[in-house]
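Work through the following exercises with the model open beside you, and try each task before you read its solution.

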2 protein chains.
Amino acid sequence: MALEHALLVSLSEREGSGYELARRFDRSIGFFWAATHQQIYRVLRRMEEAGWVTHTDIAQEGRPDKKVYQVADTGRAELTRWLAEPIEPTTLRDELGVKLRGASLGDEAAVLREIERHRDEHAARLAAYQAIEQRDFPKPGKLSGRELHQYLVLRGGIRAEQSFTAWCDEVVQALRPEGAR
Amino acid sequence: MALEHALLVSLSEREGSGYELARRFDRSIGFFWAATHQQIYRVLRRMEEAGWVTHTDIAQEGRPDKKVYQVADTGRAELTRWLAEPIEPTTLRDELGVKLRGASLGDEAAVLREIERHRDEHAARLAAYQAIEQRDFPKPGKLSGRELHQYLVLRGGIRAEQSFTAWCDEVVQALRPEGAR
DNA sequence: AGGTGCAGTGCAACCCGTTGCATAGCTAGG
DNA sequence: CCTAGCTATGCAACGGGTTGCACTGCACCT
């Protein structure tokens, strides 16, 4: 149920097409809620049927036309309603833990390499998030309102990636063969 | 695709019924991959059709009969194959980030209370995991093989909960109204 | 000249997971 | 005595998400 509301949040900040929303997600709400263009298109249509958003067709030169969506009153009301509603705390969901748990039933060295690969990928994401932090929020102490919320969401992404890479390092340290230590 | 393999890992350690597996998940692999009994029953049946597992009916007194599943050779081979295969690094997926991101479009105080509630829940999980750590792995330096892997998975759960509660605290600190600081 | 990549929308099929419900008998507590 | 909760399995329906594919036209690189 969260994709609808994530789209409402994003469209409340600025109207946009499905394609634009997909790219925005990659850079911000996507830290907490990823989505493909397919899904976004489908959900936008459903939301329009429900009257939460409306769209305007925009003709472009040299590019395909696009549908720019705006939040309607009903959508704003729905978002407010949802924000006040409690949600279930989530649990981690990562296949890597399953692999590690089963490592002794297969090629343990391969699992270890996989963990190193994931560590590198998460470290790269961490670096990307930290670059955004430095560039867009150089003085976090002065923020308030919407900007402060955006910053705190980014902080969540940073903390998650830090913690994951640190865990991978712990695992690699513990499993690296004796000779390599 | 990971539930099948999580079940294979768990059944490789010890045979068991769907019900037992559901409870085991709550205490170990569940840190990384949660599952309901419904899903487990369905997947076990599918796995049996594929020849990965077999079951024995066990009659019990005063309790319903149960189906105890064992891993077959094909299942063992499949698990080994999967363990060597690369998987995609995951991204965080938590509605709470979406709510925080949209907080200024609704009742901000309610969102803050929700974040505090989640912090408490995650802190409780952290405490539960740490209790398991103390009880089952008092001397982690001496572990190796399967036990070491189990311990490291638990460490992943602990780190994730620590990092999440710390993030919630950061958010609460930053958003708490001036007077309350 | 040809391939890659971006911008833009969309269909169809599938898989995974959740929710609500049903059944059944035992045990423990109020 | 009755209700709640545990053990144990399962059906049916739905909703969310992923994957593969299709079409168009421009820009850029080799």
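**Exercise 1. Find the residues that surround DNA strand C, and describe the surface they form.**

Step 1. Around DNA strand C there are 23 residues, the closest being Tyr19(A), Gln38(A), Tyr41(A), Lys67(A) and Gln39(B), where a residue counts as near a strand if one of its heavy atoms lies within 4 Å of it. This is a predicted model, in which local features need pLDDT of at least 70 and side-chain atom pairs count only at pLDDT 80 or more, while totals for chains, interfaces and linings use all residues. Residues are numbered from 1 along each chain as its sequence is written, chains are lettered from A and ligands numbered from 1 in the order in which they are written, and side-chain values use heavy atoms, with hydrogens and water left out.

Step 2. At least two residues of this surface come from each of helix H2 (18-27), helix H3 (37-49) and strand E2 (66-71) of chain A, and from helix H3 (37-49) of chain B; helices (H or I, at least four residues) and strands (E, at least two) are DSSP runs, numbered from the N terminus.

Step 3. Sorted by class, the surface near DNA strand C has five nonpolar, nine polar and nine charged residues, with Ala, Val, Leu, Ile, Met, Phe, Trp, Tyr, Cys and Pro taken as nonpolar, Asp, Glu, Lys and Arg as charged, and the others, Gly among them, as polar.

**Exercise 2. Which parts of DNA strand C do the side chains of Lys67(A), Arg93(A) and Arg42(B) approach?**

Step 1. A polar side-chain atom of Lys67(A) is 2.5 Å from a phosphate oxygen of DNA strand C, and an N or O atom in the side chain of Arg93(A) is 3.0 Å from a phosphate oxygen of that strand.

Step 2. Arg42(B), by contrast, has a side-chain N or O atom 2.9 Å from a base oxygen of DNA strand C.

Step 3. Of the atoms of DNA strand C within 4 Å of the protein, 57% belong to sugar or phosphate, and the rest belong to bases.

**Exercise 3. Describe the surroundings of DNA strand D.**

Step 1. DNA strand D is surrounded by 22 residues, and the closest are Gln39(A), Arg42(A), Tyr19(B), Gln38(B) and Lys67(B).

Step 2. Gln38(B) places a polar side-chain atom 2.3 Å from a base nitrogen of DNA strand D, whereas the side chain of Lys67(B) has an N or O atom 2.4 Å from a phosphate oxygen of this strand.

**Exercise 4. What rotation superposes chain A on chain B?**

Step 1. A rotation of 180° with 0.0 Å of shift along its axis superposes chain A on chain B, with an RMSD of 0.0 Å, the fit being by least squares on the C-alpha atoms of residues with pLDDT of at least 70 in both copies.

Step 2. That is the relation of a two-fold axis, and in chain A the C-alpha nearest the axis belongs to Ser163(A), 3.2 Å from it.

**Exercise 5. How many residues of chain A are in contact with chain B, and how much area is buried between them?**

Step 1. In chain A, 67 residues are in contact with 67 residues of chain B, contact meaning heavy atoms within 4.5 Å.

Step 2. The area buried between chain A and chain B is about 6,700 Å², of which carbon and sulfur atoms give 62%; buried area is the accessible area (1.4 Å probe) that two parts lose on being put together, summed over both.

Step 3. The rule finds six salt bridges across this interface of chain A and chain B, a salt bridge being a side-chain nitrogen of Lys or Arg within 4 Å of a carboxyl oxygen of Asp or Glu.

Methods
Polar contact = N/O pair within 3.5 Å; in protein donor to acceptor, adjacent residues only side chain to side chain.
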